[in-house]
Amino acid sequence: MKKIICKREYDTETATLIKTYFSGAFGDAAGYEEDLYQTPEGLYFLRVCGGASSIYPSEDIKRLAKSKVNEWIENH
């Protein structure tokens, strides 16, 4: 998946996957997945997707500030 945010490209094909977090069981309408990536330029982002009743009912990419990365890792 690829998305342009604030004139920067975030692409799961060229970024490095750091960690994946799952909430719920496979097929759970409220379940979701968050994948933490780092771009070659050192930026971080989450690729998110989930079931129809989840907090991520459609696939998307969300930026993650460097200052929030360790917090996200510790909480997931």
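Trainee: Let's start with R47: buried or exposed?

Mentor: R47 is buried, because its relative accessible area is 11% and the cut-off for buried is under 20%. Keep in mind that this is a predicted model.

Trainee: Where is R47 found?

Mentor: R47 is found in strand β5, which covers residues 44-50.

Trainee: Which side chains make a polar contact with the side chain of R47?

Mentor: One is D35, whose side chain is joined to that of R47 by a polar contact of 2.6 Å. Another is E59, where the side-chain contact is 3.0 Å.

Trainee: And what is R47 in contact with, leaving aside its neighbours within four places in sequence?

Mentor: That list holds M1, T12, E33, E34, D35, Y37, E59, D60 and I61. You'll spot D35 and E59 in there again.

Trainee: OK, zooming out. In what order do the strands of the open sheet come?

Mentor: The order is β3-β4-β5-β6, so 4 strands with antiparallel pairing.

Trainee: Which strands stand at the edges?

Mentor: β3, residues 16-23, and β6 stand there. Each has a single partner strand, so one side of each is left without a neighbour in the sheet. From one strand to the next, the twist averages 25 degrees.

Trainee: Let's walk across it. Over how many bridges do β3 and β4 pair?

Mentor: β3 and β4 pair over 7 bridges, in the antiparallel sense. If you want a pair to find on screen, T16 has Q38 in β4 as its bridge partner.

Trainee: How many bridges for β4 and β5?

Mentor: There are 7 bridges for β4 and β5, again antiparallel. Q38 turns up here too, standing opposite Y44 in β5.

Trainee: What's between β4 and β5?

Mentor: 5 residues, since β4 and β5 form a hairpin. G42 sits in that turn with a positive phi of about 95 degrees.

Trainee: How many residues of β4 are buried?

Mentor: 6 of the 7 residues of β4 are buried, so that strand is largely enclosed by the rest of the structure.

Trainee: Then β5 and β6: how many bridges?

Mentor: β5 and β6 have 5 bridges, and they also run antiparallel. One place to look is V48, which stands opposite D60 in β6.

Trainee: Now the loop between β5 and β6. Is S54 buried or exposed?

Mentor: S54 is in that loop and counts as buried, because its relative accessibility is 11%.

Trainee: What does the side chain of S54 reach?

Mentor: The S54 side chain reaches the backbone oxygen of G51 at 2.8 Å. Leaving aside neighbours within four places in sequence, S54 is in contact with A29, A30, G31 and Y32.

Trainee: And I55, buried or exposed?

Mentor: I55 is found in the loop between β5 and β6, but I55 counts as exposed at 56% relative accessibility. The cut-off for exposed is over 50%. You could also check I55 against F45: they are 10 residues apart along the chain, and their C-alpha atoms are separated by 17 Å.

Trainee: Changing topic: what volume does the largest pocket have?

Mentor: The volume of the largest pocket is about 200 Å³.

Trainee: Which residues lie nearest its centre?

Mentor: A25, F26, G27, G31 and Y32, out of 14 residues that line the largest pocket. G31 and Y32 are also among the contacts of S54.

Trainee: Which strands supply at least two residues of the lining?

Mentor: β3, β4 and β5 each do that for the largest pocket. β4 here means residues 32-38.

Trainee: Last bit, β1 and β2. How many bridges join those strands?

Mentor: 4 bridges join β1, residues 2-5, to β2, residues 8-11, and the two run antiparallel. Take K3 as an example: its bridge partner in β2 is Y10.

Trainee: How many residues lie between β1 and β2 in the hairpin?

Mentor: 2 residues lie between β1 and β2. C6 is in that loop, and so is K7.

Trainee: What is phi for C6 and K7?

Mentor: Phi is near 50 degrees for C6, a positive value in a residue other than glycine. K7 also has a positive phi, near 65 degrees, and is likewise a residue other than glycine.

Trainee: Are they buried or exposed?

Mentor: C6 counts as exposed at 58% relative accessibility, and K7 counts as exposed at 83%.

Terms used:
Residues numbered from 1 in each chain as written. Predicted model: local features only at pLDDT ≥ 70, side-chain atom pairs only at ≥ 80, totals over all residues. Heavy atoms only, no water. Buried < 20%, exposed > 50% of the residue type's maximum accessible area, 1.4 Å probe, protein only. Polar contact = N/O pair within 3.5 Å; in protein donor to acceptor, adjacent residues only side chain to side chain. Contact = heavy atoms within 4.5 Å. Axes fitted to C-alpha atoms, helices over the stretch in contact; angles between N-to-C directions. 1 Å grid on protein atoms, 1.4 Å probe; cavity = no way out; pocket = protein on both sides within 12 Å on 5 of 7 lines; lining within 4 Å. Points joined across faces, edges and corners; volume = space filled by probe spheres on them.
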